[in-house]
Amino acid sequence: MIRPETKTCQNCKSGFTIEPEDFAFYEKIHVPPPTFCPDCRLQLRLLFRNERTFYKRKCDLCGKNMISSYAPEYTYPVYCQKCWWSDKWDPYQYGREYDFSKPFF
Ligand SMILES: [Zn+2]
Ligand SMILES: [Zn+2]
């Protein structure tokens with residue numbers, strides 16, 4: 001029987017608890033137990049997203065001017081709201097084959 005384990009966050013040094021069912025889940029998906037507390041993990045997950053700086057750029061589908069959080073220098077396509085929700089583009093363009101016999105990670 002696995003007991004809850006109290007750990008110290010490697011980032012903010014506060015204590016956090018890992019429940020037995022969490023350990024079972026980490027084992028199931030073959031990842032090690034976390035060393036950061038839930039708050040610090042959330043911060044890490046949100047870091048990549050730009051929510052404060054906006055750019056003028058053109059929609060890569062209809063060519064209309066729009067305001068985006070993605071700078072014009074980025075080479076990947078960025079669509080306006082209307083195009084994004086439309087059926088005018090094919091999601092299979094970026095789709096990949098998935099091998100179910102291999103673990104996701
Ligand atoms: Zn922390
Ligand atoms: Zn558009």
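**Exercise 1. Pair the strands of the second hairpin.**
Task: Which residue in S4 is the bridge partner of Tyr55?

Solution.
Step 1. Go to S4 and look for the partner of Tyr55: this bridge partner is Ser68. Keep in mind that the model is predicted.
Step 2. Place the two strands. S3 covers residues 55-58, and S4 covers residues 65-68.
Step 3. Take a second pair. Lys58 stands opposite Asn65 in S4.
Step 4. Read off the direction. S3 and S4 pair in the antiparallel sense, over four bridges.
Step 5. Inspect the turn. Six residues lie between the strands of this hairpin, and there Gly63 takes a positive phi near 80 degrees.

**Exercise 2. Do the same for the first hairpin.**
Task: How many bridges join strand S1 to S2, and which residue in the hairpin takes a positive phi?

Solution.
Step 1. Find S1 at residues 5-8; four bridges join this strand to S2. S2 itself spans residues 15-18.
Step 2. Check the direction. S1 and S2 run antiparallel.
Step 3. Name one pair. Thr8 has Gly15 in S2 as its bridge partner.
Step 4. Go to the loop between S1 and S2, where Lys13 lies. The hairpin has six residues between its strands.
Step 5. Read the backbone angle. Lys13 has a positive phi of about 65 degrees, although Lys13 is not a glycine.
Step 6. Count the surroundings of Lys13. There are 8 other C-beta atoms within 10 Å, so Lys13 is exposed. The cut-off for exposed is 12 or fewer.

**Exercise 3. Describe the setting of Ile18.**
Task: Where does Ile18 sit, and which residues beyond its sequence neighbours is it in contact with?

Solution.
Step 1. Locate Ile18. This residue belongs to strand S2.
Step 2. Classify Ile18. It counts as partly exposed because it has 16 C-beta neighbours inside 10 Å. A buried residue would need 20 or more.
Step 3. Leave aside neighbours within four places in sequence. Ile18 is then in contact with Pro4, Glu5, Lys7, Phe23 and Pro33.
Step 4. Add a distance. Cys37 is 19 residues from Ile18 in sequence, and their C-alpha atoms are 9.4 Å apart.

**Exercise 4. Judge helix H1 and the residue after it.**
Task: How many of the nine residues of helix H1 are buried?

Solution.
Step 1. Take residues 20-28, which form H1.
Step 2. Count the buried ones. The number is zero, so H1 lies largely in the open.
Step 3. Move just past H1. His30 takes a positive phi of about 55 degrees there. His30 is a residue other than glycine.
Step 4. Place His30 in the fold. This residue is found in the loop between H1 and helix H2, the latter at 38-47.
Step 5. Classify His30. It counts as exposed because it has 9 C-beta neighbours inside 10 Å.

**Exercise 5. Follow the chain past the last helix.**
Task: Is Phe104 buried or exposed?

Solution.
Step 1. Find Phe104 in the segment after helix H3, which covers 81-84.
Step 2. Count neighbours. Phe104 has 8 other C-beta atoms within 10 Å, so this residue is exposed.
Step 3. Measure back to Ile29. The two residues are 75 apart along the chain, yet 8.2 Å separates their C-alpha atoms.

**Exercise 6. Sum up the whole chain.**
Task: What is the radius of gyration of the chain, and what would a compact globule of 105 residues have?

Solution.
Step 1. List the elements. The chain has three helices and four strands. Their order along the sequence is β-β-α-α-β-β-α.
Step 2. Split the chain. The domain assignment gives domain 1 at 5-47 and domain 2 at 55-92. The centres of the two domains are 36 Å apart, taken over C-alpha atoms.
Step 3. Compare the radius. The chain has 21 Å, whereas a compact globule of 105 residues would be near 13 Å.
Step 4. Check the box. Along the principal axes, the C-alpha atoms fill roughly 60 × 35 × 20 Å.
Step 5. Look at burial. Of the 105 residues, 2% count as buried.
Step 6. Finish with contacts between residues at least 6 apart in sequence. Of these, 22% join residues at least 24 apart.

Notes: Residues are numbered from 1 along each chain as its sequence is written. Chains are lettered from A and ligands numbered from 1 in the order in which they are written. This is a predicted model: local features need pLDDT of at least 70, side-chain atom pairs count only at pLDDT 80 or more; totals for chains, interfaces and linings use all residues. Two residues are in contact if their C-beta atoms, placed from the backbone, lie within 7 Å. Domain bounds come from an automatic or database domain assignment. The radius of gyration is taken over C-alpha atoms; the globule rule is 2.2 Å times the number of residues to the power 0.38. Two strands pair if DSSP finds at least two bridges between them.
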